[in-house]
Amino acid sequence: MSKSNMNFAVNEDSVLCNIMNGEIRARIISKRNSSKKELYKKRGVINTSPTIKNFIINHKEIFGNQKLVHGDGSNFFDEILSISPLSESENYKDALKTRLEYQYGLTEDEIIDMMAFFEEFKQMEQSPDVKKIIDDTEVYKDSIERAWKSNESKIMKYVKSILGYEPENIGKVSTYIVYPNFDTHRCYQLSSNKTLLFFAKSGETDPNKILAFLTHQAVHQPILPYKPTMTQKDKEIFHSFIKFLTDKDVYNYLSGKSYLDIVTRGENPEVMAKVYPFWLGYRYRNIDKQGEDPVQAIQTAINRDKDYFDKLPENSKKRKLYSKYEFEKLDARKIATLFRERRGITPYQFAKLDFNRDSIYKEKYVNKKSTVSPTTDGR
């Protein structure tokens with residue numbers, strides 16, 4: 001893990017593609033929910049710049065084509081974003097034509113029109129207001145890159161200490177920073193050893209959260225990828241494990257704050273709640289080697305997150321997101337016991353555990369019909 005597998009760049013076409021994707025989505029959503037229109041304008045998601053606004057007005061026939069722009073807001077820029085870094089190579093036009101033809105079923109005449117469209121699209125980068133956006137993105141990229149390079153060694157060493165071994169570094173992540181007028185966290189797996197990440201966090205001022213999100217990408221595809229033999233259920237569990245290992249635990253390591261204070265991308269509340277107590281068992285399975293009691297460490301973590309949950313407003317989105325964690329039911333001793341003989345468990349073995357919560361509940365909450373013992377792993 002000593003060698004970095006993350007690099008950072010700004011690609012002008014990527015910045016513009018992402019802005020256009022956001023503009024189209026926001027405009028369509030605003031038609032269904034007018035209250036959001038002013039919010040999107042205020043944040044610069046709609047009418048990001050005069051040049052971009054005029055470009056949309058001048059190409060109504062393209063943005064009104066139902067092959068290219070759908071009623072839910074999804075649109076062709078979403079797909080073009082994944083190949084936008086190729087704009088600096090000779091292969092870009094061929095890749096663009098292929099994507100338009102096979103992904104959207106455009107006719108030969110429509111493709112000719114679209115290639116002319118993208119020529120004008122490219123010319124926008126020379127406009128002063130768009131240049132300002134790209135320059136601001138460069139500054140934003142530099143701040144993120146500095147933060148990552150300053151902390152990467154410490155973070156990856158910490159991750160290794162939790163895993164208990166050093167996985168092989170089998171891939172790299174090319175991180176393209178885009179303009180932060182809205183949240184972007186788009187990941188494309190190009191091959192087994194190459195991942196594209198398009199990233200920006202609108203209004204996020206906590207560098208620890210940025211670092212935690214980046215750690216997820218630095219760890220998941222490059223060193224702990226899905227295995228071809230994994231079922232969809234295995235992948236869901238394994239991805240939750242990755243989220244706890246990186247987003248949640250690294251954030252706690254850097255900030256000292258609750259796991260609940262950081263919401264991961266596309267967080268599945270049911271799966272995360274199911275995995276949470278077992279993750280804590282895994283997390284603290286070897287802490288006795290540092291002279292600490294695993295039971296006490298697990299209970300401290302549960303108390304930390306329960307305290308955070310109890311302070312959340314009754315009808316808040318976060319309280320709803322974490323409502324299935326059932327902190328008061330969790331038995332720290334049972335959780336520690338479950339992992340006492342599993343000190344060397346790998347993340348892939350973790351995904352195969354039996355996640356029956358009766359095995360780690362306090363006795364008064366146990367389903368009496370269950371015959372699962374605290375040490376059953378179900379394999």
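This briefing describes the pockets, one buried residue and the salt bridges of the structure shown above. The model is predicted. Its largest pocket has a volume of about 520 Å³, and the second largest has a volume of about 440 Å³. A search of the whole structure finds 25 salt bridges.

**The largest pocket**

- The lining of the largest pocket consists of 15 residues, and D183, K201, V263, T264 and R265 are those nearest its centre.
- Two elements, helix 9 (207-223) and helix 13 (317-321), give two or more residues to this lining.
- Helix 13 gives the most, with three residues.
- By type, the lining of the largest pocket comprises eight charged, four nonpolar and three polar residues.

**The second largest pocket**

- The second largest pocket is lined by 20 residues, of which C187, Q189, H220, Q221 and Y226 are the closest to its centre.
- Strand 3 (184-191), helix 9 and helix 10 (232-255) each supply at least two residues of this lining.
- Strand 3 accounts for the largest share, six residues.
- Nine polar, six nonpolar and five charged residues make up the lining of the second largest pocket.

**A buried residue in helix 10**

- D249 is located in helix 10.
- D249 has a relative accessible area of 1%, and therefore counts as buried, the limit being under 20%.
- Apart from neighbours within four places in sequence, D249 is in contact with Y158, I162, F244, Y259, W279 and R283.
- One of these partners, Y158, is 91 residues from D249 in sequence, with a C-alpha to C-alpha distance of 9.8 Å.

**Salt bridges**

- Side chains of opposite charge can pair when their charged atoms come close.
- D13 and K122 form a salt bridge with an N to O distance of 2.7 Å. The pair links distant parts of the chain, 109 residues apart, with D13 in helix 1 (residues 12-32) and K122 in helix 7 (residues 108-123). D13 is buried, at 3% relative accessible area, whereas K122 is partly exposed, at 34%.
- E119 and K93 form a salt bridge in which the closest N and O atoms are 3.2 Å apart. E119 lies in helix 7 and K93 in helix 6 (residues 92-104), so the bridge ties together parts 26 residues apart in sequence.
- D288 and R343 form a salt bridge, their closest N and O atoms being 2.6 Å apart. D288 is in the loop between helix 11 (269-283) and helix 12 (294-310), and R343 is in the loop between helix 14 (332-338) and helix 15 (347-350).
- K141, D142, E145 and K149 are joined into one network by salt bridges that share partners.

Conventions
Residues numbered from 1 in each chain as written. Predicted model: local features only at pLDDT ≥ 70, side-chain atom pairs only at ≥ 80, totals over all residues. Heavy atoms only, no water. 1 Å grid on protein atoms, 1.4 Å probe; cavity = no way out; pocket = protein on both sides within 12 Å on 5 of 7 lines; lining within 4 Å. Points joined across faces, edges and corners; volume = space filled by probe spheres on them. Helix = DSSP H or I, 4+ residues; strand = E, 2+ residues; numbered from the N terminus. Nonpolar A, V, L, I, M, F, W, Y, C, P; charged D, E, K, R; others polar. Buried < 20%, exposed > 50% of the residue type's maximum accessible area, 1.4 Å probe, protein only. Contact = heavy atoms within 4.5 Å. Salt bridge = Lys/Arg side-chain N within 4 Å of Asp/Glu carboxyl O.
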